[in-house]
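Good morning, everyone. I will walk through one chain today, going from the whole to a handful of single residues. Please have the sequence and the structure open.

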Amino acid sequence: MEAVRAGREGAIGLGQGDGVAKDSTETELTKIRLLRAIVETRDPSSKEEDDFMIRRFLRARDLDVEKASAMLLKYLKWRNSFVPNGSVSVSDVPNELAQDKVFMQGHDKIGRPILMVFGGRHFQNKDGLDEFERFVVYVLDKVCASMPPGQEKFVGIAELKGWGYSNSDVRGYLSALSILQDYYPERLGKLFIVNAPYIFMKVWQIVYPFIDNKTKKKIVFVEKNKVKSTLLEEMEESQVPEIFGGSLPLVPIQDS
């Protein structure tokens, strides 16, 4: 029961309280109250959600209460249906974990946890998208649960060295993008894409139009000879993964 609770709290907020007022504008605070009133009328289960979550959905829709309420109600319906037990367990995603492609360790200079993904280790699941989508939720719930108090975002590093057409999974990429943007708004702080081969850019051209403008601004393609120096702008050397010349060992997502 504790794991379920931790997973759900990590996915949706930072805990109850007045902390949201510290770095919100008066307009945001007013609209948080308005959005909460609207959504609670439509879905009483939303009373469990904290103001940090309400604010993330508001910010994702540029403080448009009507659009934010539609987005939040869609999220609540999806969460109750897709993750009825409150969290995704390791036993739900054995094939995805076996690919040994996602790691989480350390924090950047402002406390955002660092998620490491090896694109060259991802292969399309022949049985469809269901397990992969559950894996995406498992990963995002884990990284959100690891955020220190006051932090709502994470940093991602996508290592694409060795990526080839056998790793190309456009349907999977679009599905993961949809989950991130629609159900975990304002969670991604920055995404570094490193060692992207030329052939990856052909797939990127397909995916790019589906990325919303807020997310596009957070994506950085890093030149091969500037990986460590670029990462050092965001994190201390002790927090840079060993494979990029830092001193931090990688930790598999299920062990983090």
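One definition before anything else: helices, of at least four residues, and strands, of at least two, are DSSP runs, and they are numbered from the N terminus. With that in place, a label such as α7, for residues 170–183, or β4, for residues 188–194, can be found on the chain. Please also keep in mind that this is a predicted model.

Now the whole chain. How many helices and strands does the chain have? There are 10 helices and five strands. The radius of gyration is 18 Å, and the globule rule for 256 residues also gives 18 Å, so the chain is as compact as a globular protein of that length. Along the principal axes, the C-alpha atoms fill a box of roughly 50 × 40 × 35 Å.

As for burial, 50% of the 256 residues count as buried. The accessible surface comes to about 12700 Å², and carbon and sulfur atoms account for 53% of that. On contacts, take those between residues at least 6 apart in sequence: 77% of them join residues at least 24 apart. On charge, the chain carries 36 positive and 37 negative side chains. The centres of those two sets lie 4 Å apart.

There is one annotation to mention. UniProt, in an unreviewed entry, places the feature "domain: CRAL-TRIO" at residues 90–252. In the model, that span is 34% helix and 18% strand. Its end C-alpha atoms lie 12 Å apart.

Next, two residues with an unusual backbone angle. Most residues other than glycine have a negative phi. Asp-62 is not a glycine, yet its phi is positive, at about 50°. Where is Asp-62 found? Asp-62 sits in the loop between α3, residues 51–60, and α4, residues 65–82.

The second case is Glu-186, which is also not a glycine and has a positive phi near 60°. Glu-186 belongs to the loop that runs between α7 and β4.

Are these two residues buried or exposed? Asp-62 has a relative accessibility of 59%, and the cut-off for exposed is over 50%, so Asp-62 counts as exposed. Glu-186 has a relative accessible area of 17%, and buried means under 20%, so Glu-186 counts as buried.

Let me move to strand β2, which covers residues 113–118 and holds Val-117. Val-117 is partly exposed, with a relative accessible area of 31%. Which residues does Val-117 touch, leaving out those up to four places away in sequence? They are Lys-101, Val-102, Ile-157, Ala-158 and Glu-159. Strand β3 spans residues 154–159. For a separation in space, Val-117 and Ser-46 are 71 residues apart in sequence, and their C-alpha atoms are 32 Å apart.

Following β2 onward, we come to Arg-121, in the loop between β2 and α6, where α6 is residues 130–145. Arg-121 is partly exposed, at 32% relative accessibility. Setting aside neighbours within four places in sequence, Arg-121 is in contact with Gln-99, Asp-100, Lys-101, Phe-103 and Asn-167. Lys-101 is 20 residues away from Arg-121 in sequence, with 5.6 Å between the two C-alpha atoms. Lys-101 is also one of the residues that Val-117 touches.

After α6 comes another loop, leading to β3, and Pro-148 is found there. Pro-148 counts as partly exposed, at 29% relative accessibility. Pro-148 and Arg-112 are 36 residues apart in sequence, and their C-alpha atoms are 7.9 Å apart.

The last residue is Val-227, in helix α10, which covers residues 227–232. Is Val-227 buried or exposed? Its relative accessible area is 7%, and the cut-off for buried is under 20%, so Val-227 is buried. Leaving out residues up to four places away in sequence, Val-227 touches Val-194, Val-222 and Phe-244. Of these, Val-194 falls in β4, residues 188–194. Between Val-227 and Trp-163 there are 17 Å, C-alpha to C-alpha, for a distance of 64 residues along the chain.

That is the tour. I will take questions now.

Methods. Residues numbered from 1 in each chain as written. Predicted model: local features only at pLDDT ≥ 70, side-chain atom pairs only at ≥ 80, totals over all residues. Heavy atoms only, no water. Rg over C-alpha atoms; globule rule 2.2 N^0.38 Å. Buried < 20%, exposed > 50% of the residue type's maximum accessible area, 1.4 Å probe, protein only. Contact = heavy atoms within 4.5 Å. Areas by Shrake-Rupley, 256 points an atom, 1.4 Å probe, with all protein chains shown as cover. Lys, Arg positive; Asp, Glu negative; His and termini not counted. Charge placed at Lys NZ, Arg CZ, Asp CG, Glu CD. UniProt positions renumbered as here; feature names shortened; annotations may be inferred.
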